[in-house]
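Colleague: Got a minute? I'd like to go through the aromatic rings in this one.
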Amino acid sequence: RGFSVVGIPGDADPMLASLRNTPLMAWNCAADELVNLQDSEAAQQHLADLGLRHIEWLFPAADHLTLATNDEYAPGVEFLGSARVDRDPPHVTFVVNGVEDNVAATAVADHAYWLSQVRARDAAAPGTIDVRSEGFGVADAPAGTVVEGAGALMDGAHGPMPYVSRTLEWGDAPAAPVANVLHVAATNVSSVTIAPARARVDCSARLDVTTDGPLTVTLEGCGSSSFAP
């Protein structure tokens, strides 16, 4: 899980889809002089458009430093809780963006969960790879709609701090027949490697591929297949 306080994705906004398996809590302030309200509202709307799980609290009477000087984060701590990373989710979305990498610092984001060696066809632009495995016996959890609410952050240095909330949750993932199938959708991606055991398929898995250009899919330890639009 992630907890953001007076922050927005900024340059990473095109990569928000990578957070399919990471629920977020975000606190923003309507009078923030650094993180403009228009930008924080746009970020919340982008999360909603992507159907990603999130809770946003917007404090209408606070600026960029109000939450820091209030010094009360218990609801964020509760949200993070003891949640553990699911290292092998049934559906992975990842946006590769080479302009954000730093090879000298060995900070190269080209892998997520059971996907690795993701390469963009045009290295100057983001590339998106989306793979859903039928090997887990579940379909995608249905995304709900944004639910609005209100409340107050209590127990801080400034006393009760009112907020309005927007929350998007997922329902339970429905059961589905187990099958040796991977559904792959690629935009501006030239190649991807999939770890079949972690995706709960084997070397004979059927690849259902949609791509906007030439794509090589490698099943680690099995072999590679090439696809065209």
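Colleague: Trp27 and Trp57, buried or exposed?

Modeller: Both Trp27 and Trp57 are buried. Keep in mind that this is a predicted model.

Colleague: Why does Trp27 count as buried?

Modeller: Because its relative accessibility is 0%, and the cut-off for buried is under 20%.

Colleague: How many aromatic pairs does the structure hold?

Modeller: There are 7 aromatic pairs. In one of them, the ring centres of Trp27 and Trp57 are 5.4 Å apart with the planes at 5°, so that pair is stacked.

Colleague: Where in the chain do those two sit?

Modeller: Trp27 is in strand β2, residues 24-29, and Trp57 is in strand β3, residues 54-59. They are 30 residues apart, so the pair links distant parts of the chain.

Colleague: And what do Trp27 and Tyr73 form?

Modeller: A stacked aromatic pair, 6.1 Å centre to centre with 15° between the planes. Tyr73 lies in the loop between α2 (66-70) and α3 (74-80), 46 residues from Trp27 in strand β2.

Colleague: Is Tyr73 buried or exposed, or what?

Modeller: Tyr73 is partly exposed, with a relative accessible area of 29%.

Colleague: Which residues do ring pairs link into a cluster?

Modeller: Phe3, Trp27, Trp57, Phe59, Tyr73 and Tyr163.

Colleague: Switching to charges. What sits over the ring of Trp170?

Modeller: The charged end of Arg53, 3.9 Å from the ring centre.

Colleague: And where does Arg1 lie?

Modeller: Over the face of Phe79, with 4.6 Å to the ring centre.

Key: Residues numbered from 1 in each chain as written. Predicted model: local features only at pLDDT ≥ 70, side-chain atom pairs only at ≥ 80, totals over all residues. Heavy atoms only, no water. Phe/Tyr/Trp six-rings, centres within 6.5 Å; stacked < 30°, edge-to-face > 60°. Helix = DSSP H or I, 4+ residues; strand = E, 2+ residues; numbered from the N terminus. Buried < 20%, exposed > 50% of the residue type's maximum accessible area, 1.4 Å probe, protein only. Lys NZ or Arg CZ within 6 Å of the ring centre and 35° of its normal.
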